[in-house]
Amino acid sequence: MRKYLFGTGIISAVVGGVTLLRGLRENEPFTWRTALAWLSWAITFALAVGAIVDTRRATRGHLIAGDSPVSGKEQRLLKRRLDG
């Protein structure tokens, strides 16, 4: 589980979220740019979690969607899990 939680996607999403939270504490008005930044952060976080879920499903031998970043690597991930 550690390899999933410390992946670059999750780390960058958390750091981005912390940056956005710091911006809220500075008593600046909530503008449309701030709303877009939060929306962008939510999409980034969702994509990172989706990649983790797809990787885990692929290592367990389940089918994954064709648009996944690990699509086409299922056999290699499953073999790596079974070997080690």
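In the predicted model, Gly61 adopts a positive phi of about 90° at a position just after helix H3. Helix H3 itself covers residues 32-59. Its length fits the expectation for a helix: at 1.5 Å a residue, the 28 residues of H3 should span 40 Å, and the C-alpha atoms at its two ends lie 41 Å apart, which agrees.

The protein as a whole contains 4 helices and 0 strands, and the order of elements along the sequence is α-α-α-α. Of its 84 residues, 17% are buried. About 6600 Å² of the protein is exposed, and 62% of that area is supplied by carbon and sulfur atoms. When contacts between residues at least 6 apart in sequence are considered, 29% of them join residues at least 24 apart.

Several residues of H3 are withdrawn from the surface. Ala48, Asp54, Ala58 and Thr59 are buried in this helix. Asp54 carries a charged side chain, yet this buried residue has no salt bridge. The nearest side chain of opposite charge belongs to Arg57, at a distance of 5.2 Å. A salt bridge would require a side-chain nitrogen of Lys or Arg within 4 Å of a carboxyl oxygen, so the separation of 5.2 Å does not qualify. Apart from neighbours within four places in sequence, Asp54 is in contact with Ile64, Ser68, Pro69 and Val70.

Pro69 also lies opposite another residue of H3 in the distances computed for the model. Ala51 is part of helix H3 and has a relative accessibility of 26%, so Ala51 counts as partly exposed. The C-alpha atoms of Ala51 and Pro69 are 6.7 Å apart, although 18 residues separate the two in sequence.Helix H2 comprises residues 8-25. Thr8 is found in this helix and, with a relative accessibility of 72%, counts as exposed. The C-alpha atom of Thr8 is separated by 8.6 Å from that of Ala48, a residue 40 places away along the chain. Ala48 is one of the buried residues of H3.

Gly17 likewise has its place in helix H2. Its relative accessibility is 7%, and because buried means under 20%, Gly17 counts as buried. Not counting residues up to four places away in sequence, Gly17 touches Trp38 and Trp41. Between Gly17 and Phe45 the C-alpha distance is 9.1 Å, with their positions 28 residues apart in sequence.

Phe45 also belongs to a nonpolar patch on the surface, together with Val14, Val18, Val49 and Val53. The accessible area of these residues together is about 350 Å². Helices H2 and H3 are the elements that give two or more residues to this patch. The largest share, 3 residues, comes from H3. An α-helix has 3.6 residues a turn, so residues three or four places apart point the same way. Val53, a member of the patch, is found in helix H3. With a relative accessible area of 41%, Val53 is partly exposed, whereas Asp54 in this helix is buried.

Note on methods
Residues numbered from 1 in each chain as written. Predicted model: local features only at pLDDT ≥ 70, side-chain atom pairs only at ≥ 80, totals over all residues. Heavy atoms only, no water. Buried < 20%, exposed > 50% of the residue type's maximum accessible area, 1.4 Å probe, protein only. Contact = heavy atoms within 4.5 Å. Patch = residues over 30% accessible without salt bridge, like charges linked within 9 Å, V, L, I, M, F, W, Y side chains within 5 Å. Areas by Shrake-Rupley, 256 points an atom, 1.4 Å probe, with all protein chains shown as cover. Expected span 1.5 Å × (residues − 1).
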